[in-house]
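User: I am new to this structure, and I would like to understand the reasoning behind the terms used to describe it. Could we go through them one at a time?

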Amino acid sequence: MSEKILVIGANGQIGTELVTALRGIHGAENVIASDINSPTYAIRNNGPFEFANVLDKDNLHHLFDKHRPTQVYLLAAMLSAVGEQKPKMAWDLNMTGLLHVLDFAVEFKTAKVFWPSSIAVFGPHSPQYDTPQYCVMDPNTVYGFSKLAGERWCEYYFTKYGVDVRSIRYPGLIGWKANPGGGTTDYAVHIFHEALKHGKYQSFLSANTALPMMYMEDAIRATITLMDAPAEQISIRSSYNLGGISFTPTQLADEIKKHLPDFEISYADADPRQAIADSWPKSIDDSQAQQDWGWKLEYDLPRMTQDMLQNLKELV
Ligand code: VAH
């Protein structure tokens with residue numbers, strides 16, 4: 001029997017690329033993209049689309065009843081920076097949306113659910129380097145503790161109701177097909193657009209702010225690999241650490257200069273996103289993902305930079 005996949009939050013940075021990848025594997029007609037806004041150009045004309053508001057229980061129930069999805073990817077969320085400007089809305093969207101999906105997964109016996117967590121679940125007292133799967137977690141952003149609470153709910157619904165929900169703690173994600181929205185790591189996408197358009201960029205994070213990042217190709221491949229893995233291989237039902245590549249704005253700028261020698265970077269100060277970045281780990285230990293479902297990174301900083309510039313130069 002073929003899969004019937006519902007992607008909620010399909011217009012987002014992850015959703016846009018995930019819908020395309022899933023349609024390539026399962027057939028466009030078997031992957032329903034959904035979002036609260038009209039579909040973006042990238043997904044508008046190549047498969048089914050539904051309007052979805054994760055806070056509207058009746059709307060979501062209708063989608064589950066109409067499509068009876070075998071897999072649901074819940075990507076709708078408010079990210080770290082915007083979440084600090086609208087804390088109660090961030091909590092409501094990130095939590096209520098998840099609980100609606102988990103409840104309907106029980107009611108409609110959805111075979112698998114994917115929900116994205118983030119390295120934002122770690123905080124100032126978490127180990128900063130090679131942050132392990134299990135450690136002190138004291139996130140001080142609404143986004144971070146909503147993701148931490150969400151991880152607890154995922155494990156609870158697996159243990160108590162048998163929902164096969166799987167999750168990844170994504171690092172900052174970098175891609176060229178869709179822009180990020182309201183995150184602290186967005187600088188690492190904006191810098192490429194500005195470098196090509198204007199030859200310069202002012203980073204809102206300071207020069208030596210190291211953060212775990214990942215190229216979107218790797219993030220999409222990790223997501224699908226996790227979801228395709230046999231259930232007995234999944235030992236983590238909160239969310240898997242995923243490390244990627246750790247670099248600073250300066251290191252990224254130096255890599256861009258190898259292709260655009262005249263590129264200049266400058267640094268703003270007193271941006272509120274600096275304090276968020278400073279509370280997060282510099283690097284992540286993802287050995288559990290490697291061990292359980294064979295995770296292996298393919299894009300390092302040079303390869304990601306080359307690929308971003310190669311693809312974006314046609315578009316900007
Ligand atoms: C953010 N892009 O910046 C997200 C991500 C690790 C960061 O979760 O909020």
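User: Into which domains is the chain divided?

Analyst: In this predicted model, the chain is divided into domain 1, which covers 5–170 + 216–224, and domain 2, which covers 173–213 + 244–313. The C-alpha centres of domain 1 and domain 2 lie 23 Å apart, and the contact takes 32 residues from domain 1 and 32 residues from domain 2.

User: How do you know which domains the shell around the ligand draws residues from?

Analyst: The shell draws at least three residues from each of domain 1 and domain 2. Among the residues that surround the ligand are Leu79, Ile119, Tyr143, Gly183 and Trp280.

User: What makes the approach of Ser80 to the ligand a polar contact?

Analyst: A polar contact needs a pair of N or O atoms within 3.5 Å, and a polar side-chain atom of Ser80 lies 2.6 Å from an oxygen atom of the ligand, so this pair meets the cut-off. The same cut-off is met by Ser118, with a polar side-chain atom 2.8 Å from an oxygen atom of the ligand, and by Thr185, with a polar side-chain atom 3.1 Å from a nitrogen atom of the ligand. The protein covers 95% of the 280 Å² of accessible area that the ligand has on its own.

User: How many residues of each class does the shell around the ligand have?

Analyst: By class, this shell has six nonpolar, six polar and no charged residues. Tyr170 and Pro171, which both belong to the surroundings of the ligand, are counted as nonpolar because Tyr and Pro are in that class, whereas Gly, as in Gly172, counts as polar.

User: Which pocket is the space taken by the ligand?

Analyst: That space is the largest pocket.

Conventions. Residues are numbered from 1 along each chain as its sequence is written. This is a predicted model: local features need pLDDT of at least 70, side-chain atom pairs count only at pLDDT 80 or more; totals for chains, interfaces and linings use all residues. Side-chain values use heavy atoms; hydrogens and water are left out. A residue is near a molecule or strand if one of its heavy atoms lies within 4 Å of it. A polar contact is a pair of N or O atoms within 3.5 Å; within protein, one must be able to donate a hydrogen and the other to accept it, and residues adjacent in sequence count only if both atoms are side-chain atoms. Accessible areas come from the Shrake-Rupley method with a 1.4 Å probe; for residues, only the protein chains shown count as cover. On a 1 Å grid over the protein atoms alone, a cavity is a set of points where a 1.4 Å probe fits but cannot get out, and a pocket is an open set with protein on both sides within 12 Å along at least five of seven lines; lining residues have an atom within 4 Å of a point. A molecule sits in a cavity or pocket if more than half of its atoms lie within 2 Å of its grid points. Domain bounds come from an automatic or database domain assignment. Contact means heavy atoms within 4.5 Å.
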